[in-house]
Amino acid sequence: MPNTLGVQAQATTGGVIRSVEQLTKLQLQALESDLPLIVIGDGSNIVPANQTRACIGVMRIPGIYTRKASADAVCVEVAAGESWHALVLFCLARGLHGLENLALIPGRVGAAPIQNIGAYGVELADYVQAVDVIDREGSHHRLNRDECEFSYRDSVFKRRTDLVVTHLHLELCTEFRPILDYPGVRSALEQLGVAQFKAADLVNAIMAIRREKLPDPLREPNAGSFFVNPIVSFDTADRLRSQLGDLQTYTYDGRVKLSAAELIDKAGWKSRGSKKVSCWPQQPLVIVNRGETEAEKILQFAYQIQEDIQQRFQVSLELEPSVLS
Ligand code: NAP
C-alpha cells in the first residue's frame, strides 16, 4: 500500500479507482468479502499496519471542470483523484484565486475535505460549496458546506467513514485578495525581490517556506504533521502561560489554539528521538522515519510524545494521520 511514511504495508485486497463505476465495483467486492473499504490518495496522511485487514482503494478519478458563477466568481468541480497541488497550479494559471496559501500540501483532492486542510491562514472550508460522496450502498449524495460540518482540521467525513468523496465543488474568486498574516509569508515575498507581487509570487513564497521547513518525504519519509494543534479554553491557556512564560496563542472560534510544535519543542522532544524515529528539527510536529519498517514503532514514539505532553501540560494531543489497523 503506498505510504509516505516509508513503512511496509499490505492489505487483504484492493485496487485503483479511476471512475465512479470502478469505485462502486470495489465497494461491492469489499461488501461481499466482509472487509471494510478504505480509500486512500497518495498515502501521505496515513499510518498503515504491516498487514491491514481491509480492501484498499487508491483514488485516481480524474477531472477538473470550471463554470462561471457570477461576475467575479467561478465554480470549480474537481474529482477526488486529482493531485491537490496540481489543482492549486491549475487555478493559478486560470486567474482563479483563494488557494494560493494551500500550495504544496501533499495528497489528492479527495482527502482535502476530510481534515479540512489548512495552511498559512486559509482553510479549504473557506471555498467549498459542496462535496459529492457515495455511501456504502452505492447511493450518491451532494453535501452542502453546512452539511460537511467543517471545523478546525475536522469534518463530518472523519465520523462518516462509510462515505467516499468523489468530487469537490469550490467557488473561487477572479480577484486576487492575498492573505499574508502568517509569520514568514511577507518576508518570503520580499525575498523574491518583486516590486508588486502577483498570485504566482505568493504561491512561490509559500512553496519556498514549506521546502525550507518541512522534510521531503522522498528523502525523509514522513506523514506530515503528526498531531493537530490543540484548541483549549482561555483558562487552560492562562495556566500554561504562567507555567511556561511565553506561549504562542491564537483565538479560534471563541477558544484558544496552541501550537503543538511549540509544546513538543518545550518538552525537549527535538533531541529525544532514536536513530530511526525522531521529530524533524525545523518542525517537531513532523515525525520522520529513518529506518523503521513497522508503523507500530513510529506510533509508539508518537504515543510517548502524547503522554509526556499530557503529563507536563495537561493538554491532550490528537493524532492527525489516520491509523489503519
Ligand atoms: P508556525 O509559524 O511555527 O506556527 C505554529 C502554529 O501556530 C501553526 O501551526 C499555526 O496554526 C499557528 N499560527 C501561526 N501564526 C498564526 C496566525 N497568524 N493565526 C493563527 N494561527 C497561527 O507554523 P508552521 O509549523 O511553520 O506552519 C505554518 C503553516 O503550515 C500552518 O498553517 C500549518 O498548519 C501548515 N503546516 C502544515 C503541515 C502539514 O503537514 N499538514 C505541516 C506543517 C505546517 P495552523 O496550523 O492552524 O495554521
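**View 1. Helix α4 in this predicted model, starting from its exposed side.** Glu190 and Gln191 are exposed here. Across the helix from them, α4 (residues 185–192) has Val185, Ala188 and Leu189 buried. Look down the axis of α4 and those buried residues fall within an arc of 100°, so they line one face of the helix.

**View 2. The ligand sits between two domains.** Domain 2 (64–173) and domain 3 (222–324) both hand residues to the shell around the ligand, so that is where we find it: between the two. Two strands, β7 (118–119) and β12 (222–225), chip in with at least two shell residues each.

**View 3. Who's who around the ligand.** There are 17 residues around the ligand, and the ones that come nearest are Tyr152, Tyr182, Lys213, Lys257 and Gln283. Sort the shell by class and you get 7 nonpolar, 7 polar and 3 charged residues.

**View 4. Polar side chains reaching the ligand: Lys213, Asn229 and Tyr250.** Lys213, already listed with the nearest residues, has a side-chain N or O atom 2.7 Å from an oxygen atom of the ligand. For Asn229, a side-chain N or O atom is 2.8 Å from a ligand oxygen. Tyr250 pairs up with a nitrogen atom of the ligand instead, with a polar side-chain atom 3.4 Å away. As for cover, the ligand taken alone exposes 790 Å², and the protein buries 83% of that.

Methods
Residues numbered from 1 in each chain as written. Predicted model: local features only at pLDDT ≥ 70, side-chain atom pairs only at ≥ 80, totals over all residues. Heavy atoms only, no water. Near = heavy atom within 4 Å. Polar contact = N/O pair within 3.5 Å; in protein donor to acceptor, adjacent residues only side chain to side chain. Areas by Shrake-Rupley, 256 points an atom, 1.4 Å probe, with all protein chains shown as cover. Helix = DSSP H or I, 4+ residues; strand = E, 2+ residues; numbered from the N terminus. Nonpolar A, V, L, I, M, F, W, Y, C, P; charged D, E, K, R; others polar. Domains from an automatic or database assignment. Buried < 20%, exposed > 50% of the residue type's maximum accessible area, 1.4 Å probe, protein only. Arc of directions from axis to C-beta.
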